[in-house]
Each structure stands twice: as structure tokens, then as C-alpha cells.
Amino acid sequence: MTQMSIGDVLELLQNGTIEIEGMLPWSSNYAFLVRVCDGPVEIGAVYKPRRGERPLWDFAQGTLCQREQAAFLISEALDWHIVPPTVLRPAQHGVGTVQLYIDHDPARHYFTFEGETTLRPQLQRIALLDILINNADRKAGHALLQETEEPDGIGRLLGIDHGICFHVDTKLRTVIWEFGGAPIPAQLTEHLVTLQGRLKDT
């Protein structure tokens, strides 16, 4: 991942020049791999235009991109940094989300690291985030393991594809059931209290 700060990444995603590399295959909605540039500074990203969203009977048409960005904002408000930096902006195919591309091994997904003790705290946060945002689409491939150069050697887990969230009805659908029925850890409960306070202040 780039060594830029999250603030700098968001600034570049929001205002940089977008160059489309190609369409990502096997995506339910139109998604493009892009480069976002500002002079010599360049990062990879995924661009999902609103007009490329497939109609769904239970989600308002044209709102998936906003739900994607909202998931990022909640993740940041919790200081969990699960969702890659995501902005909503116009580009070649109209307004849509532009999200930092995460370099990862596609062969490594939830079903390959399920139960790994070192990743358990991160998986707990993802599972709790899914409950908070009412995520209706947590597939195994929507949890990405980003390799790290940290001394502990533990990879960083990130979550993507949050367009089908924030429904008024209960829609939770996830492959991460290993924490079902378990109490929320005290530290994560404290984070929820902090989030509640931040939401009251907005």
C-alpha cells in the first residue's frame, strides 16, 4: 500500500486525474480498474459508476455508490480502518465511488484463513462492522488479506464491496459466522460507545 497518509490518499482520489485501465471481470456491477494521478504521484483504484449499478428490487436505484462511501465513513469513525479510502466523485462514466485498490493474493480469502488465531481480532471487527451497517453481501472474497512488512508478520484484513448495506430492514448476510452467539469484546464495545458519541455530535 502507498506510504501516503489517509488524508493525502483521499485528496488524490477526490481530485486527481482518473485514467481507466480496464473493466474488472466477474463484478455484479460495472467496476473499472483505474489509475488516479496528480503529476508524478499515482495510485491504483477501483471506480464504480452509479449508472453501472444493476437494479435491485429491495435497494433504491442509484444508491449503491453512496452506501459504499458510507461504509468507509463508519469504519473511519470507529478508527478500525477496515474499508479502503473511498470517495464519491464524477469521472468518465458519471458519478460513482473511487476506492483505493488493495494489492492482495486473490487465492487468499476468508475460507482460507478462517480460524487463524492471529487474524481473529480483525475478523471480529469486520463481523461487527457488518452488523452495524447491515451488510447483505459479505462474501469470502470481500475480505482481503493485505501482506504487511510489520515485525509481527500478521497481514492486515480489509473489507470491500459494501454497496448493499444500510437497508431499513434486517438484511445481514455473511460467511463470517464463527463469532455467532459470542459476546462483543469489551474493547470493541468501547469503540461503539465512542461512535455513538461522534454520531450525536454530527
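The following exchange discusses the sheet, the helices, the salt bridges and a surface patch of a predicted model.

Q: How are the strands of the open sheet ordered?
A: The open sheet has 5 strands in the order β1-β2-β3-β5-β4, and their pairing is antiparallel.

Q: Which strands stand at the edges?
A: The edges are taken by β1 (17-23) and β4 (86-91). Each has a single partner strand, so one side of each is left without a neighbour in the sheet.

Q: And what is the average turn between neighbouring strands?
A: Neighbouring strands of this sheet are turned against each other by 40° on average, with direction ignored.

Q: What holds paired strands together in general?
A: Strands of a sheet pair through backbone hydrogen bonds, in either a parallel or an antiparallel way.

Q: How many bridges join β2 to β3?
A: There are 7 bridges between β2 (residues 32-38) and β3 (residues 41-49), and the two strands run antiparallel. One of the residues involved is Arg35, whose bridge partner in β3 is Gly44.

Q: Does anything else involve Arg35, and which side chain does it meet in a salt bridge?
A: The side chain of Arg35 meets that of Glu42 in a salt bridge, at 3.3 Å from N to O. Arg35 is partly exposed, with a relative accessible area of 29%, and Glu42 is partly exposed as well, at 42%.

Q: Moving to the helices, which strands does α1 lie across?
A: Helix α1 (residues 6-15) lies across β1, β2, β3, β4 and β5 (94-100), and runs at about 20° to β4. Helix α2 (residues 64-77) lies across β3, β4 and β5, at about 150° to β4.

Q: Is Thr97 buried or exposed?
A: Thr97, which lies in strand β5, counts as buried because its relative accessibility is 3%, below the 20% limit.

Q: What is Thr97 in contact with, apart from its neighbours within four places in sequence?
A: Its contacts include Val46, Tyr47 and Lys48, together with Cys65, Glu68 and Gln69. Thr86, Val87 and Leu88 are also among them.

Q: Back to salt bridges: how many does a search of the whole structure find?
A: The search finds 11 salt bridges.

Q: Which residue forms a salt bridge with Arg198?
A: Arg198 pairs with Asp79, and the closest N and O atoms are 3.3 Å apart. This pair links distant parts of the chain, as Arg198 is in helix α5 and Asp79 is in the loop between α2 and β4, 119 residues apart. Arg198 counts as partly exposed at 34% relative accessibility, and Asp79 is partly exposed at 45%.

Q: What about Asp137: which residue is its salt-bridge partner?
A: Asp137 forms a salt bridge with Lys139, the closest N and O atoms being 2.4 Å apart. Asp137 counts as buried at 10% relative accessibility, whereas Lys139 counts as partly exposed at 41%.

Q: Which residues do salt bridges that share partners join into one network?
A: That network consists of Glu19, Glu21, Arg35 and Glu42.

Q: How far apart in space are Pro121 and Pro185?
A: Their C-alpha atoms are 9.4 Å apart, while the two residues are 64 residues apart in sequence. Pro121 is located in helix α4 (residues 120-133) and is partly exposed, with a relative accessible area of 40%.

Q: Finally, which residues make the nonpolar surface patch?
A: Ile131, Leu172 and Trp177 make a patch of about 320 Å². Leu172 lies in the loop between β7 (156-159) and α5 (186-201) and is partly exposed, with a relative accessible area of 30%.

Technical notes. Residues are numbered from 1 along each chain as its sequence is written. This is a predicted model: local features need pLDDT of at least 70, side-chain atom pairs count only at pLDDT 80 or more; totals for chains, interfaces and linings use all residues. Side-chain values use heavy atoms; hydrogens and water are left out. Patches are made of residues with over 30% relative accessible area and no salt bridge: like charges are joined within 9 Å, nonpolar side chains (Val, Leu, Ile, Met, Phe, Trp, Tyr) within 5 Å. Accessible areas come from the Shrake-Rupley method with a 1.4 Å probe; for residues, only the protein chains shown count as cover. A salt bridge is a side-chain nitrogen of Lys or Arg within 4 Å of a carboxyl oxygen of Asp or Glu. Helices (H or I, at least four residues) and strands (E, at least two) are DSSP runs, numbered from the N terminus. Buried means under 20% relative accessible area, exposed over 50%, partly exposed in between (1.4 Å probe, protein chains only). Two strands pair if DSSP finds at least two bridges between them. Axes are lines fitted to C-alpha atoms, for helices over the stretch in contact, and angles run from 0 to 180 degrees between N-to-C directions. Contact means heavy atoms within 4.5 Å.
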